[in-house]
Amino acid sequence: MISIQQVSKRFGGRVLFTDASLRIGLEDRVALVGPNGAGKTTLLEMIAGRVAPDSGVIAINNRAVIGYLTQELEAHQGRSVLEEVLAGGSEASSIERHLRLLEEEIATAPPEAVDELLAHYGELQTKYEQLGGYSLEARAKEILTGLGFKEKHLSRSLEQFSGGQRMRASLARLLLSSPDALLLDEPTNHLDLESVIWLEKFLSGYAGAILLISHDRNFMNRLVNRVVEVERQQLVTYTGNYDQFVAAKAEAREILEATAKNQQKKIEDTRAFIDRFRYKATKARQVQSRIKLLEKMDKVELAPQQKRVRFSFPEPQRSGETVIRLIDLDKSYDGNPVYRSLSVELRRGERVALIGPNGAGKSTLLKLLAGVLSFEKGERLLGHNVTTAYYAQHQLELLTPANTVLEEITDAAPMEESSFLRAILGRFLFSGDDVKKKVAVLSGGEKSRLALAKMLIRPANLLLLDEPTNHLDIPSRDVLEEALRDFPGTICFITHDRHFIRTVANRIIDVRDGAATSYVGDYDYYLYKKQLMAEAAAGSPIRSDSADIPVSTPQRSEAREARSRERKTKEQKRAEAEMRNRLHRTSHLLQSSLSKIEAEVAEAEKSLEELSLTLADPHTYRDKERFRETLDRHTQTKRRLAELTAEWDRLSGQMS
C-alpha cells in the first residue's frame with residue numbers, strides 16, 4: 001500500500017536519509033525507532049504528504065486514505081469535544097447535516113417539488129446507513145470514553161481543555177475516521193495507563209496498517225509485527241516486536257564485532273608481512289599481492305554506539321522511617337470534592353506508583369505530597385530529615401524560553417560553580433556549545449533532560465515525579481529506571497509506562513473515586529489482587545483478555561507468596577471482606593441493569609431495521625403523512641438506540 005523507494009532527505013547541512021527504501025502492506029504493524037533527531041517524524045510527514053523528499057519516490061495506493069496524528073495542536077473554532085470527534089466521520093456527518101436540511105425543506109416545499117426532494121432524501125439516507133452514520137455518535141462516545149473523557153466533558157468547548165486533552169480528542173477523531181493507514185507520532189504521550197491499555201486493544205483489532213513512533217516498549221511489544229530502525233540514513237527492517245528487535249540487533253552487533261575483530265587481526269598480520277619483507281627481492285611478488293589485497297578489502301564498519309544519558313542521583317541524607325503523612329485531608333476544586341478524609345503514609349525506601357484513571361486525582365495527590373497545593377482540612381506531616389524534589393508533569397512549561405541551557409540550570413543553583421553545572425549538563429548529553437542553546441529551540445526530549453538535570457542540583461530524599469519519562473527515548477528511560485532502582489531514598493511517581501512501573505515500583509497506590517488504596521507489592525501483584533476482587537465480584541473466576549493480568553501458575557504462586565508475606569490487621573481483613581461484599585452487591589445490580597438494557601437495545605435495533613426498510617420503500621414517499629410519521633419514529637428510535645448503547649458501554653466499563 002505504501003512504497004518508499006530510494007528516498008533522500010536533508011535539513012540544512014544534516015542528512016537524514018540517503019536512498020532509503022521501505023514497503024508497508026495493508027495489515028502491517030510497524031514501529032519506527034531510532035535516536036532523537038534521526039528523522040522518524042520527518043518520515044511520517046513525507047508519507048503524509050506534508051514534506052517532500054529531496055529525491056526518490058513515495059508511492060501510495062490511490063484509493064488508500066492516510067490518517068496522521070501529529071504532536072502539533074490544531075486550531076479549533078468553538079467546537080465541543082464530541083463535535084470535533086464526529087467531524088472525523090466527515091462524509092457521514094456532512095450527509096447527516098444535509099438530511100436535516102432536506103427534512104426542513106420537505107416540510108415547507110410546494111407539492112410539485114416534494115417528490116424530487118423525497119427521492120434525493122432516500123438516496124442520501126441509504127448512503128448514510130452504508131457509512132454507519134446511525135452508530136457514528138455511539139462509536140465516537142465509546143472512543144472518547146476509552147481515551148479518558150467523561151460524559152460530562154463531551155459537550156464542553158475544546159478551548160476549555162489542556163493541550164494534552166486536546167491531543168486525545170485529535171486521536172479520537174482520527175480513530176473514528178478509520179483510515180486505511182494510521183501514522184501515529186507518540187500516541188500514548190498524553191494518555192493515562194488505563195487509556196493506553198484501551199488504545200492497545202483498539203489498535204490490535206484495527207483493520208488497516210499502522211506505522212507508529214513510540215517510546216513505550218510494552219505498547220510496541222503488544223502491537224507491532226515489524227520494527228524499522230532509522231540507522232545511518234537507512235531504514236533497516238526487523239521482523240517481530242520491540243524485544244525481538246533488541247535481541248536481533250544485539251546478536252547482529254556481536255557477529256559484526258567478531259567479524260571486525262577477525263578482519264583487524266588479518267589486516268595487522270598482512271601489514272606485518274609487508275613491513276617485514278618489503279625490501280626482500282624474493283618476496284616482492286607476495287608483498288605486492290598483499291598490498292593490493294589491503295587496498296581492495298571492504299572494511300567492516302561498526303555503527304557508533306548511541307550516547308546514553310548517565311543519571312545518578314546525589315546521595316541524600318537519611319530520613320526517618322516515616323517519610324511523609326497526609327492525615328484526613330479534604331481537597332476540592334471549585335466546590336467539587338476530590339478527596340474527603342484522605343490518609344496516606346510513605347515510608348523510607350518505598351518506590352510508590354500512583355495508578356488510576358485520568359481525572360481521578362493522581363496529580364492532585366502528588367502535589368499534596370509535594371506541598372505545592374493547599375487543602376481545606378487535615379494535616380501534611382514531613383518525617384525527620386525529609387527533603388523533597390518535585391518534578392511536575394508540566395515542568396517543561398516552567399522553563400524560561402529566553403534562557404540558554406547553562407543559564408537555566410544556573411538559575412536553579414546560583415551558588416554553584418560553572419564547571420560543576422557544566423558537568424551535570426554533560427551527564428544529560430548537553431556538551432560543548434549545546435549549553436549555549438536557547439531553551440526555546442530545544443526538542444521535547446532535550447527539555448525533559450534539562451528539567452531532570454535541574455532536579456539533580458539539590459540532594460533530596462523524597463522524589464515526587466509526575467510523568468518523568470514523557471519525551472525520553474527508551475535508552476534514557478532505561479538509565480532513569482536503573483538510577484531510581486538504586487536510589488536509597490523514597491520515590492512516589494506517576495507514569496503510563498508499564499515497563500517503568502514494573503521495573504521501579506515496590507508498592508502501588510490505586511487512586512479512584514476519591515480513595516487511595518494501597519497494594520504492598522509490585523505491579524504484577526497489584527494486577528493479581530485486582531483480578532481476585534473482580535472474580536469475587538463476579539462470583540466466579542474471570543479470564544481477562546488483557547495481557548497485563550498475570551494468569552500463569554508461576555505468577556500466581558509469586559503473588560500468593562507476596563500475599564502471605566503481607567501483614568494484615570483485623571481491621572484490614574474486615575475492610576477487605578466489606579469491599580468484596582460491596583463489590584458483589586454492586587456487580588449483581590449492574591448485571592441486572594445490563595440485561596434490561598440489552599433487551600431494550602435488541603428491541604430498538606429491530607424497530608430501527610423495520611423503519612429503515614419502510615423508508616427504503618419508494619411507495620412510502622407517495623404518502624406524505626405516512627412518510628413524516630415514519631421519519632419521526634426513525635429519528636426518535638435512532639436517538640434512543642444511541643442513548644441505550646452509550647449506557648450499555650458505561651455499565652460494561654464498570655463491570656470490567
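Is phenylalanine 500 buried or exposed? Select this residue to begin the tour of this predicted model. Phenylalanine 500 is buried, and its relative accessible area is 0%.

**Aromatic pairs**

Keep phenylalanine 500 on display and add phenylalanine 493, which is likewise buried with a relative accessible area of 0%. Eight aromatic pairs occur in the structure. For a tilted example, select tyrosine 242 and phenylalanine 245: their ring centres are 5.6 Å apart and their planes stand at 50°, so this pair counts as tilted. Return then to phenylalanine 493 and phenylalanine 500, whose pair is edge-to-face, with 5.4 Å from centre to centre and 85° between the planes.

Next, show helix α9, which covers residues 242–277. Tyrosine 242 and phenylalanine 245 both belong to this helix, and the three residues that separate them in sequence amount to about one turn. Both tyrosine 242 and phenylalanine 245 are buried. Add Tyr238 to the selection, and a cluster appears in which ring pairs link Tyr238, Tyr242 and Phe245.

**Arginines over rings**

Two further rings have an arginine over the face. Select phenylalanine 273 together with arginine 290: the arginine lies over the face of the ring, 4.0 Å from its centre. Then select phenylalanine 161 and arginine 156, where the arginine again lies over the ring face, at 4.5 Å from the ring centre.

**The largest cavity**

How many cavities of 30 Å³ or more does a search of the whole structure find? The search finds three. The largest cavity holds about 50 Å³ of space. To see its lining, select Leu69, Met167, Arg168, Leu171, Glu186, Pro187, His190 and Leu191. Colour these residues by class, and the lining of the largest cavity shows five nonpolar, one polar and two charged residues.

Which helix gives the most to this lining? It is helix α6, residues 163–177, which provides three residues.

**Helices α6 and α5**

Select the whole of α6. The helix has 15 residues, and the distance from its first C-alpha to its last is 21 Å, close to the 21 Å expected at 1.5 Å a residue. Of the 15 residues in α6, 11 are buried, so the helix is largely enclosed by the rest of the structure. Among the buried residues of α6 are Gly164, Arg166, Ala169, Ser170 and Leu174. Met167, Arg168 and Leu171 are buried as well, and these three also line the largest cavity.

Move next to helix α5, residues 136–146. Its buried residues include Leu136, Ala138, Lys141, Ile143 and Leu144. After α5 comes glycine 148, which has a positive phi near 100°.

**Positive phi outside glycine**

Most residues other than glycine have a negative phi. The last two stops depart from that pattern.

Select glutamine 6 in strand β1, which spans residues 2–11. Although glutamine 6 is not a glycine, its phi is positive, at about 50°. This residue is partly exposed, with a relative accessible area of 44%.

Finally, select aspartate 513, in the loop between β17 (507–512) and β18 (515–519). Its phi is near 55°, a positive value in a residue other than glycine. Is aspartate 513 buried or exposed? Aspartate 513 is exposed, with a relative accessible area of 77%, whereas phenylalanine 500, where the tour began, is buried.

Conventions:
Residues are numbered from 1 along each chain as its sequence is written. This is a predicted model: local features need pLDDT of at least 70, side-chain atom pairs count only at pLDDT 80 or more; totals for chains, interfaces and linings use all residues. Side-chain values use heavy atoms; hydrogens and water are left out. Rings of Phe, Tyr and Trp (its six-membered ring) pair if their centres lie within 6.5 Å; planes under 30 degrees apart count as stacked, over 60 as edge-to-face and the rest as tilted. Helices (H or I, at least four residues) and strands (E, at least two) are DSSP runs, numbered from the N terminus. Buried means under 20% relative accessible area, exposed over 50%, partly exposed in between (1.4 Å probe, protein chains only). A charge sits over a ring if NZ of Lys or CZ of Arg is within 6 Å of the ring centre and within 35 degrees of the ring normal. On a 1 Å grid over the protein atoms alone, a cavity is a set of points where a 1.4 Å probe fits but cannot get out, and a pocket is an open set with protein on both sides within 12 Å along at least five of seven lines; lining residues have an atom within 4 Å of a point. Grid points are joined across faces, edges and corners, and a volume is the space filled by probe spheres set on the points. Ala, Val, Leu, Ile, Met, Phe, Trp, Tyr, Cys and Pro count as nonpolar, Asp, Glu, Lys and Arg as charged, and the others, Gly among them, as polar. The expected span of a helix is 1.5 Å times one less than its number of residues.
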